[in-house]
Amino acid sequence: MAPLKYLEQEYPILDSNFRNFCATHGIFSEEDLLLHDLHVLVAFAEQQSTSERLKQGITQVLSIIDGQHQPWLNGMELLEDAQLNKHVLSTGCEGIDLLLQGGLRMGQLTELVGASSSGKTQVCLLATSNVAKKHMDGVVYLDTGNSFSPQRVIDFIRQNPDPAIDQAKHRILQKVMNRILCHSVFDIFTMFDVLHQLEVNLRSQKGDCQVRLLIVDSISSLVTPILGGGGSQGHALMTSAGFLLKKLAHEHNLVVLVTNHTVGGEGGISKPALGESWKSIPHVRLRLSHDQGSSIYNVSVLKHPSMASGKAARFTIYD
């Protein structure tokens, strides 16, 4: 659910006066408004000189939220949606693709969890090169830590080259790289701006090369700074970000791939960052680890809608 500041362009009633009124009651997002006692909020609005406009704003936000709810689907409709619309994209990594029965599922949010140097960014770059080269689809890559490496992508593209690339290396390479759009994003508000613009662009995309993969590397570096303190705004923004990413995945049949770091847990065992509130957001959670001193990586399933957790595989990413 979006912060209120991003709604004014489409809904002018949600202007700065309305947002300031909401802010005095700790309301900064659609979710915050839902958590508030609406009768009390309306009562406060009626005490203001612009009471009618404020009440119209409250009604507008509730209408927006209501419109975001997916319609009820019966079992057959859910099955048809899964079979007809939610295909998979190969990551280019045989071990991960075999584990996931083909690759990353379109329409879902997949999270890669792991410590530093566990291979999260390498898998993202490998998936980027594979989708742009073999699937010939577009990729949007949100880079939050200057970790995107065009040269690494080129190295992956050149691995196991096909005859077409041998015959016209530069032209083909340029065409593949043009399918990849990278944004440097260093705070969650910039990410919201980029995602809302992407949503507009996706509604009108046409042609053979359409965006099929959205990567946020890493989501935790954007969310962690806003979770400090005892207020609820940080968690509301985190939930809003998760909702928007899942909405883009479902409505535009994208693979959304995000990375998350690990933190210390009970008994010194590491666990995914961002806590319980985020835990329910990804459809799929994969834990990565790296055998130090080798090119062997490990991947295990933490969460998956159609397979038991604990399944694991090994894979190699060559330098």
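Let me begin with one residue pair, in which Tyr141 stands opposite Cys182 in β5. What you have in front of you is a predicted model, so please hear everything that follows as a description of that model.

The pair I just named belongs to a longer contact, since strand β4, residues 138–143, and β5 pair in the parallel sense over 5 bridges. Stepping back from these two strands, we find an open sheet formed by 8 strands, which run in the order β5-β4-β6-β7-β3-β10-β11-β12, and the pairing in this sheet is mixed. At its edges are β5, residues 180–184, and β12, each of which pairs on one side only. If direction is ignored, neighbouring strands of this sheet are turned by 20° against each other on average.

Now to the aromatic rings, where counting those with centres within 6.5 Å of each other gives 3 aromatic pairs. In one of them, the rings of Tyr6 and Phe192 have centres 5.6 Å apart and planes at 40°, so this pair is tilted. Tyr6 lies in the segment before α1 (16–23), whereas Phe192 sits in helix α11, residues 188–204, so that the pair links distant parts of the chain, 186 residues apart. Both Tyr6 and Phe192 are buried.

Another of the pairs brings us back to the sheet: the rings of Tyr297 and Phe315 have their centres 5.5 Å apart, and because their planes are at 15°, the pair counts as stacked. Here Tyr297 comes from strand β11, residues 296–303, and Phe315 from strand β12, residues 312–316, with the two positions 18 residues apart in numbering. Tyr297 is buried, and Phe315 is buried as well.

Definitions and conventions
Residues numbered from 1 in each chain as written. Predicted model: local features only at pLDDT ≥ 70, side-chain atom pairs only at ≥ 80, totals over all residues. Heavy atoms only, no water. Phe/Tyr/Trp six-rings, centres within 6.5 Å; stacked < 30°, edge-to-face > 60°. Helix = DSSP H or I, 4+ residues; strand = E, 2+ residues; numbered from the N terminus. Buried < 20%, exposed > 50% of the residue type's maximum accessible area, 1.4 Å probe, protein only. Pairing = 2+ DSSP bridges. Axes fitted to C-alpha atoms, helices over the stretch in contact; angles between N-to-C directions.
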